[in-house]
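Work through the exercises below with the structure open. Try each task before reading its solution.

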Amino acid sequence: MTRTVLVTGGTSGIGRAVAARFVADGDEVHLTGRRAEAVRRVAAELGAQGVVCDATDPVATAALAGRFRTLDVLVNAAGGLPAAPATGTPLGDVLAAWQANLAQNLLGAVLTTEAVRALLAPGGTVISLGSIGAERRGGAYGAAKAALAAWNASLSAELAPRGVSCNVIAAGYVEGTGFFGGALAEERRRALIEETHDKRPGTVEDVAATAHFLASPGARHLTGQTLHVNGGAHTTR
């Protein structure tokens, strides 16, 4: 049966890989992004439907929800390290950085999910992209991802009686994304790989495969959880 799938932040990195995985299943995939050109290009490349939408904008997310009559899979993949505007004062800069991280890595998922929650079909799933940074020195970014996991547990309690599962995938170091913006030094890259048990970097396909499993019938009793996809890297550093 063809499912209707929505992937936020689906124009690059993990989001793009997740969208591609569901397209390969023959599902009807809708991907979002903030840049119109990227949305059009990636949707055409994958054979998906593209929607320009900023997940942190309540008006835009409400309009996005209006495109659907029902939804089987929601993947909240939008997020990352935002560039906060300078305010001219040290504490103002701190506040701006925290607000930007909370908006991009927590509130976007909350707003999108709330916008479509009434449309989620029994047997459906909500998957949100967390991070190993939630359990180590992740600063404002890590705090936002930790809050995402706490919100997910509450969401699961609300939606599981309807047959909708809700889980977080907490990825470790994943190559093939723009997360570090090209600023990751080779020494740091090697250190991140060395932390893993399997001595290799994660790939976007690793995370996409986990998302695909969480949306499968075999994962129906798996909800309210944070799944660590990090090759065995320690989370308490």
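**Exercise 1. Place Val94 and state whether Val94 is buried, partly exposed or exposed.**

Val94 lies in helix α4 (residues 90-116); helices are DSSP runs of H or I with at least four residues, numbered from the N terminus. The model is predicted: local features need pLDDT of at least 70, side-chain atom pairs need 80 or more, and totals for chains, interfaces and linings use all residues. Residues are numbered from 1 along each chain as its sequence is written, and side-chain values use heavy atoms, without hydrogens and water. The relative accessibility of Val94 is 43%, so Val94 is partly exposed (buried is under 20%, exposed over 50%, partly exposed in between; 1.4 Å probe, protein chains only).

**Exercise 2. Describe the setting of Thr125.**

Start with the strand: Thr125 sits in β5 (residues 120-131) (strands are DSSP runs of E, at least two residues). Next, accessibility: Thr125 is buried, because its relative accessible area is 1%. Then the side chain: a polar contact of 2.9 Å joins it to the side chain of Ser165 (N or O atoms within 3.5 Å, one able to donate a hydrogen and the other to accept it; residues adjacent in sequence count only if both atoms are side-chain atoms). Finally, beyond four places in sequence, Thr125 has contacts including Asp72, Leu74, Leu214 and Arg220 (heavy atoms within 4.5 Å).

**Exercise 3. Which residues of α1 are buried, and what covers them?**

The buried ones are Gly13, Ile14, Gly15, Ala17, Val18, Ala19 and Phe22. Their cover includes β1 (4-8), β4 (71-76), β5 and α7 (204-214). After α1 comes Gly26, with a positive phi near 85°.
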